[in-house]
Amino acid sequence: MKKTTAEAPKPVQRTNVSKKATVTVILANPLQARYAFIYVNGKLWKDNIAPAELELTAGKYVLEVKKEGYVSDPPAYTVDLVGGESTSYRFYLSRPSNE
């Protein structure tokens with residue numbers, strides 16, 4: 001009788017079912033600046049204004065918010081998004097001082 005050896009089961013590879021990442025863009029001082037336009041990689045993001053929640057595919061992005069007459073701190077975030085994860089980015093808008 002021939003002996004057979006059972007093959008060990010192969011581990012299941014976990015793949016991220018969701019390839020989108022959720023990004024929440026928050027204004028840290030909404031009483032001073034109620035809204036700002038969101039830019040992703042230098043382009044206006046689908047007419048969304050901050051605060052807002054965006055769904056982006058996994059990858060690298062530069063996130064900015066802009067509003068006429070205001071400066072943003074930080075000026076931008078460079079992010080590497082992972083599908084299925086949720087992250088928040090906070091921007092503080094203020095009027096430039098006239099020195």
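**Exercise 1. Decide whether Ser-72 counts as buried or exposed, and work out its surroundings.**

Step 1: start with accessibility. Ser-72 has a relative accessibility of 17%. The cut-off for buried is under 20%, so Ser-72 goes into the buried class. Keep in mind that we're working on a predicted model here.

Step 2: place the residue in the fold. Ser-72 sits in strand β6.

Step 3: look for a polar partner. A polar atom of the Ser-72 side chain lies 2.7 Å from the backbone oxygen of Pro-74. The limit for a polar contact is 3.5 Å.

Step 4: list the neighbours. Leaving out residues up to four places away in sequence, Ser-72 touches Val-65, Phe-91, Tyr-92 and Leu-93.

**Exercise 2. Find the strand order of the sheet that holds β6, and say which strands stand at its edges.**

Step 1: read off the order. This open sheet has four strands, arranged β4-β1-β8-β6, and its pairing is mixed.

Step 2: pick out the edges. β4 (52-57) and β6 (71-73) each have a single partner strand, so each is left with one side that has no neighbour in the sheet.

Step 3: check the twist. Ignoring direction, neighbouring strands in this sheet are turned by 35° against each other on average.

Step 4: zoom in on one pair. Strand β1 (residues 20-27) runs parallel to strand β8 (residues 86-94), and six bridges join the two. For a concrete spot to click on, try Val-25, which stands opposite Tyr-89 in β8.

**Exercise 3. Do the same for the open sheet with antiparallel pairing: give its strand order and its edges.**

Step 1: the order. Here the four strands go β3-β2-β5-β7.

Step 2: the edges. β3 (43-50) and β7 (77-81) have a single partner strand each, so one side of each lacks a neighbour in the sheet.

Step 3: the twist. With direction ignored, the average turn between neighbouring strands of this sheet is 30°.

**Exercise 4. Trace how β5 is paired with β2 and with β7, naming residues that face each other.**

Step 1: take the β2 side. Strand β2 (residues 36-40) and strand β5 (residues 59-66) run antiparallel and are joined by four bridges.

Step 2: put residues on that pairing. Tyr-39 stands opposite Glu-64 in β5, while Val-40 has Leu-63 of β5 as its bridge partner.

Step 3: switch to the β7 side. β5 and β7 also pair in the antiparallel sense, this time over five bridges. Tyr-61 stands opposite Val-79 in β7.

How values were computed. Residues numbered from 1 in each chain as written. Predicted model: local features only at pLDDT ≥ 70, side-chain atom pairs only at ≥ 80, totals over all residues. Heavy atoms only, no water. Pairing = 2+ DSSP bridges. Axes fitted to C-alpha atoms, helices over the stretch in contact; angles between N-to-C directions. Buried < 20%, exposed > 50% of the residue type's maximum accessible area, 1.4 Å probe, protein only. Polar contact = N/O pair within 3.5 Å; in protein donor to acceptor, adjacent residues only side chain to side chain. Contact = heavy atoms within 4.5 Å.
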